[in-house]
Amino acid sequence: MIKTITMNNNLTIPALGFGTYQAADGEEAYQSTLAALKLGYRHIDTAAVYKNEESVGRAIKDSGIAREELFITTKLWNDAHSYEGAKQALHDSLKRLGLDYVDLYLIHWPNPVAVRDHWQEANAQAWRYMEEAVAQGLVRTIGVSNFLVHHLEALAKTAQIKPAVNQIRLAPGCYQTEVIDYCRAHDIVLEAWSPLGQGEIFNNSTMQELAQKYHKTIAQVALAWSAYEGFLPLPKSVHEERIKENLDFLDIELSKEDAQTIRNLPGMSAIPDPDTKNF
Ligand code: NAD
């Protein structure tokens, strides 16, 4: 049974989500999302830029699961960081998903190339619309993604509603200390994107040893670590067996030492810098 986390707006979010990045629009995104829902996932993470909202929405509808039992997230892409842009983008996402509301709407990146000379103002304007969308019932919770401390502090200057979530890259060997500490201190839920390191943890000998030690798979150990840290992991797979495997990690009780080893795992990808990305 997937637990829930209570956010700073007193709403709850399932403590594990199903990732859909790179699940191709059409059969792949549809079948994998449907499989995830049938296997027990209740939290789906998509984004306008994944170009699969239509297929994800179809799977949600065909699952037959009551809407109020589901938690659906989508994200504002980098071409829409303004009041009007966010308004249009949210309406387009809802239409593609076939939903009346989403549970969580995130600003996907804090500093897109298109607004790099005025990202603070651009985020403030997009956020202003997102706050209105909450009042209108189009979105239940609003949050951000890939925000570092200076982006969160800039947003706080004008925000009426505090972000409830920050979705950032958090994986074995990819631990963003400064922003993690800030979010913990400000009661912002940390969602872990690429909790399996986009596949790079599977050839790691330390992760292989830990999997043997706990009689579990590498993916399950990585997800147990994410939960141990208090993160909300969003593993992605399009294979039913793996989708199922990624649900089954709650019985792992990592030792403090092993958790520390995973946190500091060497050789993993560099942490992305949102201020220098070329999109
Ligand atoms: P991930 O860390 O979830 O890794 C996914 C890959 O791991 C899969 O393609 C598959 O090859 C492999 N895999 C999955 N389960 C496995 C298993 N049990 N055994 C062996 N291999 C397995 O990477 P991700 O998709 O990049 O991240 C997860 C989700 O996070 C995304 O789908 C998306 O929803 C979200 N995300 C958000 C951002 C952002 O900027 N906000 C960026 C990237 C991803």
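These exercises work through the cavity and the ligand site of a predicted model.

**Exercise 1. Find how many cavities of 30 Å³ or more the protein holds, and what lines the largest cavity.**

Solution.
- Step 1: Count. There is one cavity of 30 Å³ or more.
- Step 2: Size it. The volume of the largest cavity is about 40 Å³.
- Step 3: Name the lining. The residues are W109, N146, L148, R169, Q176, W193, P272 and P274.
- Step 4: Sort by class. Five lining residues are nonpolar, two are polar and one is charged. Arg counts as charged, and R169 is in the lining.

**Exercise 2. Locate the ligand and describe the shell around the ligand.**

Solution.
- Step 1: Place the ligand. The ligand takes the space of the largest pocket.
- Step 2: List neighbours. The ligand has 27 residues around it, and D45, S145, S194, L196 and Q198 come nearest.
- Step 3: Sort the shell. It has twelve polar, ten nonpolar and five charged residues.

**Exercise 3. Identify polar contacts of the ligand with S145, N246 and P195, using a cut-off of 3.5 Å between N or O atoms.**

Solution.
- Step 1: Take the ligand nitrogen atoms. A polar atom in the S145 side chain lies 2.8 Å from a nitrogen atom of the ligand. For N246, an N or O atom of the side chain is 2.9 Å from a ligand nitrogen atom.
- Step 2: Take a ligand oxygen atom. A polar backbone atom of P195 is 3.4 Å away from an oxygen atom of the ligand.
- Step 3: Check the cover. On its own the ligand has 840 Å² of accessible area, and the protein covers 88% of that.

Key
Residues numbered from 1 in each chain as written. Predicted model: local features only at pLDDT ≥ 70, side-chain atom pairs only at ≥ 80, totals over all residues. Heavy atoms only, no water. 1 Å grid on protein atoms, 1.4 Å probe; cavity = no way out; pocket = protein on both sides within 12 Å on 5 of 7 lines; lining within 4 Å. Points joined across faces, edges and corners; volume = space filled by probe spheres on them. Near = heavy atom within 4 Å. Polar contact = N/O pair within 3.5 Å; in protein donor to acceptor, adjacent residues only side chain to side chain. Areas by Shrake-Rupley, 256 points an atom, 1.4 Å probe, with all protein chains shown as cover. Sits in = over half its atoms within 2 Å of the grid points.
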